[in-house]
Amino acid sequence: MFGIFGPKKVEVMEHWYALVPGFTLSAKEFYEAVEQELKERKMPGLDIASVDFTEGGVMSAKREYLRMTRERLVFDICAAPFGTAYFFSCRFAQIPAVVKLWEFLALVTGLCAIGFWGLVIFGKVFGLLGIILFPVLLVVLIITAIYVMRNAVAMGLKDLDATLIKTPIIGAIYEAWFRKETYYREDTRIMYCDTVNAVVKAKAEEVTGAKGIKLIRFNEYSPILGELYKPTLVPLPRQKE
């Protein structure tokens, strides 16, 4: 999802949670297990980090989440006690590439500055010929840069693609206007989503199963027919017989 000169509003694509009565676990232990499993799978472009979110206002307590990011797709998972119970939560969200007005103006200003100083330098070195040739050279360089950005991955420049995405100012403009959408990119996003989701659920089932609790199903919320969340009621976990 791309936008121009608008706010970056995170869109939650999927949210599931599992409430486990009479259970306790170290959140750090669970996060480390998930992180280790994902590292062993060697998923390309995946960044993993711990983030703190406040439980309420600015002065409220903070809750640690494990965040997994690939491009603009984010998983935030949480494992924490809830009274005498325990819960696992996982949100899958997309951060849209929005070009802010100041980023656009900064790019235009930068190009104008390059054009001005280029004309000055080329004019001093080559005289009138330099003043005539520099605009042509600048246009050729811009066209070449656009071509490379449009075909970075196809040209084997995966590192350049990843670097451009994370570069301030250029990153959002690159994604919104120049980064080509392909079947491969769509497929890798789906594989990323399915893999992380499956790993987190499997680890939740594994750590609860080690203490004799079987997770039957998860409570899932997902945006359907334009609604932000539409709940699906499912049974809560039950003790093994």
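This passage describes three helix packings and one pocket in a predicted model.

Two packed helices are described by the angle between their axes and the distance between the axes. The pair formed by helix α1 (residues 27–41) and helix α6 (residues 183–209) has axes that come within 10 Å and cross at roughly 135 degrees. This angle makes α1 oblique to α6, since angles of 65 to 115 degrees count as roughly perpendicular and those over 145 as roughly antiparallel. The crossing of α1 past α6 is right-handed. On the α1 side, the contact is made by Phe30, Ala33, Val34, Glu37, Leu38 and Arg41. The α6 side consists of Thr195, Val196, Val199, Val200, Lys203, Ala204 and Val207. Nine residues of the contact between α1 and α6 are nonpolar, one is polar and three are charged.

Helix α5 (170–178) packs against α2 and against α3. For α2 (101–126) and α5, the axes lie 10 Å apart and the packing angle is about 95 degrees. The angle therefore makes α2 roughly perpendicular to α5. In this contact, Glu103, Phe104 and Leu107 of α2 meet Ala172, Ile173 and Trp177 of α5. Five of the residues in the contact of α2 with α5 are nonpolar, none is polar and one is charged.

The axes of α3 (128–150) and α5 come within 10 Å, and their crossing angle is roughly 80 degrees. The two helices, α3 and α5, are therefore roughly perpendicular to each other. Here Ile146, Met149 and Arg150 of α3 meet Tyr174, Trp177 and Phe178 of α5. The contact of α3 with α5 comprises five nonpolar residues, no polar residue and one charged residue. Trp177 of α5 thus appears in the contact with α2 and in the contact with α3.

The helices α2, α3 and α5 also take part in lining a pocket. This pocket, the second largest, has a volume of about 450 Å³. Its lining is made up of 18 residues, and Leu107, Leu111, Ile142, Ala145 and Met149 lie nearest its centre. At least two residues of the lining come from each of α2, α3, α4 (158–166) and α5. The most is given by α3, with seven residues. By class, 17 residues of the lining are nonpolar, one is polar and none is charged. Two of the residues nearest the centre of the second largest pocket, Leu107 and Met149, also belong to the helix contacts described above: Leu107 of α2 to the contact with α5, and Met149 of α3 to the contact with α5.

Terms used. Residues are numbered from 1 along each chain as its sequence is written. This is a predicted model: local features need pLDDT of at least 70, side-chain atom pairs count only at pLDDT 80 or more; totals for chains, interfaces and linings use all residues. Side-chain values use heavy atoms; hydrogens and water are left out. Axes are lines fitted to C-alpha atoms, for helices over the stretch in contact, and angles run from 0 to 180 degrees between N-to-C directions. Helices (H or I, at least four residues) and strands (E, at least two) are DSSP runs, numbered from the N terminus. Angles under 35 degrees count as roughly parallel, over 145 as roughly antiparallel, 65 to 115 as roughly perpendicular and the rest as oblique. A crossing is left-handed if the near helix is turned anticlockwise from the far one by less than a right angle, and right-handed if clockwise. Contact means heavy atoms within 4.5 Å. Ala, Val, Leu, Ile, Met, Phe, Trp, Tyr, Cys and Pro count as nonpolar, Asp, Glu, Lys and Arg as charged, and the others, Gly among them, as polar. On a 1 Å grid over the protein atoms alone, a cavity is a set of points where a 1.4 Å probe fits but cannot get out, and a pocket is an open set with protein on both sides within 12 Å along at least five of seven lines; lining residues have an atom within 4 Å of a point. Grid points are joined across faces, edges and corners, and a volume is the space filled by probe spheres set on the points.
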